[in-house]
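Hello,

Here is the structure I promised to pass on to you. Please open it alongside this email, and then read on for what turned up.

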Amino acid sequence: MIRFISIVLMLGLVLSACAPSSRVNDGSSDGKIYRIGRGDTAKIQFRMLDSVNALRSASGQGPLALDPQLNAAAATHSRDMSVQNRPWHFGSDGSSPIDRVRRVGYSGSLVGENISETYESELETLAAWMQKPDTRRVILSPDATQMGFAWFQERNGKIWWTMVTGNNRPPAQVSDSFASL
């Protein structure tokens, strides 16, 4: 276990050096907000995918593939959490993560969902998710083969992150788990 934690911490330090430095001073506690540009979507999604796959590899799990339908479900939920002004797994229309992945046409099974409300980068958010058993379980689940990752950033800099994991097996074959930070 100590070896695993050491690997995660080293990976976090290495990957944090790769994070974009688009921070601005807005008077928050550390004086900086992580700002995401319009053209940063693919870069951020693939940086998160690479980071998740590095963590999965270190724990003996297979890699995930980025799935556009799961990305769409994650984006919808991130925006909806902002509208509701609360991080939780249910949409303003009462939808669950299962409902959202079905709505975007995902034919596989939902494995889990991680959510977060923060001013931190995607890699800082991933590091925080790895510190909690429920969110770490979603990231490292042996059932997961695909991932969706998206966010919504408010004008004040607050970011609503959503990660959805799934696989291409029929829904009855996988148990679902949901976690938040």
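The largest nonpolar core has 21 residues, and Phe-149 and Trp-161 are those with the most contacts inside it. Two or more residues of this core come from each of α2 (41-58), α5 (122-130), α6 (133-140), β5 and β6. Helix α2 gives the most, with five residues. There is also a second, separate core of eight residues, which includes Ala-74, Val-101, Leu-110 and Ala-150. Please keep in mind as you look around that this is a predicted model.

Helix α2 is a good place to go next. Gln-45 sits in this helix and is buried, with a relative accessible area of 10%. Leaving out residues up to four places away in sequence, Gln-45 touches Leu-66, Asn-71, Phe-149 and Trp-151. Phe-149 is thus a name you have already met, as one of the two residues with the most contacts inside the largest core. Ala-150, which belongs to the second core, also comes up here: the C-alpha atoms of Gln-45 and Ala-150 are separated by 7.3 Å, although the two residues are 105 residues apart along the chain.

Now to helix α3 (residues 68-84). Does its length come out as expected or not, at 1.5 Å a residue? The 17 residues of α3 should span 24 Å, and the end C-alpha atoms are 24 Å apart, which agrees. Both ends of this helix have something to show you. At the N-terminal end, Asp-67 acts as a cap, with a side-chain oxygen 2.9 Å from the backbone nitrogen of Gln-69. Just after the helix, Asn-85 takes a positive phi of about 55°.

The buried residues of α3 are a mixed set: among them are Leu-70, Ala-73, Ala-74 and Met-81, but also Asn-71, His-77, Asp-80 and Gln-84. Several elements cover these buried residues, including α2, β3 (65-66), α4, β4, β5 and β6. Two of the buried residues link back to what came before: Ala-74 is part of the second core, and Asn-71 is touched by Gln-45.

Strand β4 comes next. Nine of its 10 residues are buried, so β4 is largely enclosed by the rest of the structure. This strand is joined to β6 by nine bridges, and the two run antiparallel. If you want a spot to centre your view on, Thr-118 stands opposite Ile-159 in β6.

That brings me to the charged pairs, which I suspect you will want to look at yourself. How many salt bridges does the structure hold? There are seven, and I will go through some of them here.

One is between Glu-113 and Arg-100, with the closest N and O atoms 2.9 Å apart. Glu-113 lies in strand β4 (residues 109-118) and Arg-100 in helix α4, so this pair ties together parts that are 13 residues apart in sequence. Are the two partners buried or exposed? Glu-113 is buried, with a relative accessible area of 1%, and Arg-100 counts as buried too, at 5%. Both values fall under the 20% cut-off for buried.

Arg-100 has further company. Its helix, α4, covers residues 97-103. Apart from neighbours within four places in sequence, Arg-100 is in contact with Ala-73, His-77, His-89, Phe-90, Gly-91, Ser-95 and Glu-113. Ala-73 and His-77 are buried residues of α3, and α4 is among the elements that cover the buried residues of that helix.

A further salt bridge joins Lys-158 and Glu-117, and here the closest N and O atoms are 2.9 Å apart. Lys-158 lies in the loop between β5 (146-153) and β6 (159-167) while Glu-117 is in strand β4, so the pair ties together parts 41 residues apart in sequence. Lys-158 counts as buried at 12% relative accessibility, whereas Glu-117 is partly exposed at 31%.

Then there is the salt bridge between the side chains of Lys-43 and Asp-40, at 3.4 Å from N to O. In this pair Lys-43 is partly exposed, with a relative accessible area of 43%, and Asp-40 counts as buried at 15%.

Happy browsing, and best wishes!

Technical notes: Residues are numbered from 1 along each chain as its sequence is written. This is a predicted model: local features need pLDDT of at least 70, side-chain atom pairs count only at pLDDT 80 or more; totals for chains, interfaces and linings use all residues. Side-chain values use heavy atoms; hydrogens and water are left out. Helices (H or I, at least four residues) and strands (E, at least two) are DSSP runs, numbered from the N terminus. Contact means heavy atoms within 4.5 Å. A salt bridge is a side-chain nitrogen of Lys or Arg within 4 Å of a carboxyl oxygen of Asp or Glu. Buried means under 20% relative accessible area, exposed over 50%, partly exposed in between (1.4 Å probe, protein chains only). A nonpolar core is a set of buried Ala, Val, Leu, Ile, Met, Phe, Trp, Tyr and Cys residues joined through side-chain atoms within 4.5 Å. Two strands pair if DSSP finds at least two bridges between them. The expected span of a helix is 1.5 Å times one less than its number of residues. A polar contact is a pair of N or O atoms within 3.5 Å; within protein, one must be able to donate a hydrogen and the other to accept it, and residues adjacent in sequence count only if both atoms are side-chain atoms.
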